[in-house]
Amino acid sequence: MEFLKKIEEKWQKRWEEAKIFEADPNPEKPKYFITVAYPYPNSPQHIGHARTYTLADVHARYMRMRGYNVLLPMAFHYTGTPVLAMSKRLAENDEELINDFVNVYKVPKEKLKEFTDPLIMARYFHEEIKEGMRKIGYSIDWRREFTTIDSYYNRFIEWQFNKLRQKGYITCGSHPVGWCLKDGNPVGQHDTIGDVEPEIGEFILIKFKQGKTIFPTATLRPETVFGVTNLWVNPQARYVKAKVDNEEWIISQESTEKLLNQNRKVQVLETFLGKRLIGTFVESLVNQAKIVILPADFVDPKNATGIVMSVPGHAPYDYVALENIKKEHEKLKEYGFKPEKIEQIKPISLIAVPGYSDIPAADVVKKMKITEQLDPKLEDATKEVYRQEFHNGKMKTNTGKYYGMSVAQAREEVKQDLVAEGKATTMYELVNRPVKCRCGEECIVKILQDQWFIDYGKPEWKTLAHKCLNKMEILPEELRTEFEYVIDWLHEKACARKSGMGTKLPWDKEWIIESLSDSTIYMAYYTIARHLKKCQIRPEQMTDEVFDYIFLGEGNIYKVAEKVDLNTEILERMRQEFLYFYPLDSRHSGRDLIHNHLTFMIFNHIAIFPEKLWPRQIVTNGSVMMEGVKMSKSFGNIIPLQEGLEKFGADPVRLSVLSTAELLQDAEFNPHIAKSMIDKLEKLYRFAIQITKIRNKENEKRQVEAFDLVDKWMLSRLQRRITDATEAMEKMSVRKAIHCILYELDQDLRWYQKRTARKHKKDSVKKDVLRQVLETQILMLAPVAPHICEEIWEIIGKKGFISISPWPKPNLEKIDIKAEESEELLINLLEDTENIIKVTKTKPRKIFFYVASAWKWKVYLKALEKSMQGKIELKELIQNALKVGRKPKEVVKFAKKVIEQIKTIPEKKKRNLIKIRGVDERKIIGDAKEFLRGRLQADITVYVERDRGIYDPKRKAAMAMPLRPAIYIE
């Protein structure tokens, strides 16, 4: 392990000294521009973060080896509330956070006092994260580093927002947003604990009356109002009678704050426990039915109004709660109910659903064996019923004028009618609550007045976004529909707030642009960042006209430069560098950012840049799990990256986070995987040393011996592995590539070494094959495990850096189908024989192999040809077989077996066998007798099934099939 760390330090230093990852425009090389989300410096990165960033780095290293001039830059996102929230919590002596900082992140306790200044905290973790990125070996061009509060960057974002406003994409008005009461700010995904995007839903408040008092029940399914049997109230929660606008309402105490923040006038008249309402009746304004109020502990007073209408025929929660309360006679008597009265309440059927009874809720509850109202399976039951009813349901006759409508149509029409008639109103709520701000406060929905928004709802903008998406490569492709959904779903997004770090709105300095809005086109800024520092340009010189010229080519360079006293050569250099590296070739990020940042990136690029400069590719990946739970600061199950690197080393960590899952899947990290990777790399290192010794021993003798079949097989397999690994890397299927490079190629190599262990030949042939394998293997492994591969590259006498050496290409001349089929025959034969020995528990002295006759091969090859043309006809196959003069009974039996065997053969193998017209099984096994004797510890004899003088006491020979010799053991 220690030697791995020394290797890492050695090569990181050499890379830095040689500046091999600094990318400048080079007209003679094609460029490739990759970015990955810049991190928030509010805590150290952990191993969970390493997956996304390592994927981006592997991609960059791979493209570099493919001959591209690759730019992979990095910056730091100081904007918004993540840093601010952490700083505030420390100032408030948050014990949990202090414990994390000291015991998990290993921050010196005396340093925490300084962290009450958010800027000091950000700078501390900025350097900590950067150091971790260096130690894990990311191939970043650090000359382009910046923070989102740099003066230059502020000017860039001001330019971006001026452009958006000029094009009509920025509006000011009222709109519901996720809101933190404590911070007094809108909240987005990056402002919440666990990075949860607040999802706002419009609830319909259907009114029920008790005298002059209104009971507003919140629902997302207004069409079910015809099936209400009762209302639910939490007897232990606090409710209020309040004057809301011009009506008197009964609502939960918690809902008053929410209604106030949605621009309603609320005056609380009295407060009381919900149990006071139990047993009273309300009247439905829809059908004038008398509805009883029943107790339910599952009613959450923090959700909407805290009063729920019960539709047990179509809502599994309501069905189970009603069935439960019918059995609680003592509880009913406590509230003054006669149990038999409650037992008379029956679910009302109002939606017909194919495949379900009149009461779909009951069907699903019984199917899932749910009996208690707190059973977590109720969530799945609810989703099933709602989904089936929404897509397949039709309204019944008891719904009046809505009879025959689909549920989707009825939902909208019932809502419009009830609101128009004053029988319902609306309220916004977070449908995925509880969502907590990073300060710890639970978020609500607020309708903001005079708030600045980016209007992602504009139809013409959405059309362009779809056009851009259609031209882009999305990896994995399965996520394209998710992007399409988000583009269609997006609407106005609050883009500024009154507090936090960041760029002020250029036309309204009271507002600061929030973190998901100042991080959408910064990829363009990377292309010029190094010039701003190097040329000592002043921030005030970077006017909108300057940015217009650099990024859009607008304006006269001489007039623009003269106006701000800027050298035209510097200005043109920035313009040309931008044009060289743009458009962005690949954007890497976690899947959780599809719903905001990644889609915002598409919208903002098409708003500002011409079509030829739109982004080309997005690569997204899943999370990293620790014992089945997402690795996250909020879940307390993280391993800080630098701690992981210290414990396991850079290359093992890189391999561990990428080898257990493909892009769409969540990866599992555990120490056992990391340790197994250490073992793998150490084994590879020892193999390299071994190859070097062989080379020294031979004293670089010239190769004179020819390759035999097994040598050709190994080199042929090597070409196949190059092809497979390259195809996988092109699609960023890095797990598949690692499996191919480290495991499948190793499997081939182990077989080759076993086959050649007993050969009486000079080491030079074997050494040459092993050298080719090793050299190719480390070239393909270099993007993932660069440190150990650089070291081995040097050990085997190669010059320069492996990191910028060409990626291997398959040599088609070395692909030998006959050698591959021959060795596969031996592999299968050995496995079959060992299985027989294991099952029979015998210790063999002699083993006899019987290979198929020539006539069987003729029929077999004919059958292969027919199968490639379509279905094999047994009759036709038998007729062809009889032509070779065999007995009909023997032919029929063989033909049937051939048809069954060929069904299991892959198309590629069929083509190969037809091409080489089979293999000489007797010769192949005969040539390998010494090898087989050593492996099986028995004498080996090979016969063709019709040989004269054949030894076949058990009549096994007749069972021989092409590529499946019969076996007899004594």
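Q: Which residues of α5 are buried in this predicted model?
A: In α5, the buried residues are P118, M121, A122, F125, H126, E128, I129, K130, G132, M133 and I136, and they are called buried because each has under 20% relative accessible area.

Q: How do you know that helix α5 has a span close to the expected one?
A: Helix α5, residues 118-136, has 19 residues and reaches 27 Å from its first C-alpha to its last; the expected span, at 1.5 Å a residue, is 27 Å, and therefore the value is close to the expectation, which is 1.5 Å times one less than the number of residues.

Q: What makes D117 a cap of the N-terminal end of α5?
A: A side-chain oxygen of D117 lies 2.9 Å from the backbone nitrogen of L119, and a polar contact is a pair of N or O atoms within 3.5 Å, so this pair satisfies the distance cut-off.

Q: Why is N93 called exposed?
A: The relative accessible area of N93 is 55%, and exposed means over 50%, so N93 is exposed. N93 is placed in the loop between α3 (81-91) and α4 (95-104), and its phi, near 55 degrees, is a positive value in a residue other than glycine.

Q: Why do β26 and β27 stand at the edges of the open sheet?
A: Three strands form this sheet in the order β26-β25-β27, with mixed pairing; β26 (629-630) and β27 (667-668) each have a single partner strand, so one side of each is left without a neighbour in the sheet.

Q: How do you know that β25 and β27 pair?
A: Strand β25 (residues 624-626) and β27 are joined in the parallel sense over two bridges, and pairing needs at least two bridges, so the two strands count as paired. The bridge partner of V624 in β27 is A667.

Definitions and conventions:
Residues numbered from 1 in each chain as written. Predicted model: local features only at pLDDT ≥ 70, side-chain atom pairs only at ≥ 80, totals over all residues. Heavy atoms only, no water. Helix = DSSP H or I, 4+ residues; strand = E, 2+ residues; numbered from the N terminus. Buried < 20%, exposed > 50% of the residue type's maximum accessible area, 1.4 Å probe, protein only. Polar contact = N/O pair within 3.5 Å; in protein donor to acceptor, adjacent residues only side chain to side chain.
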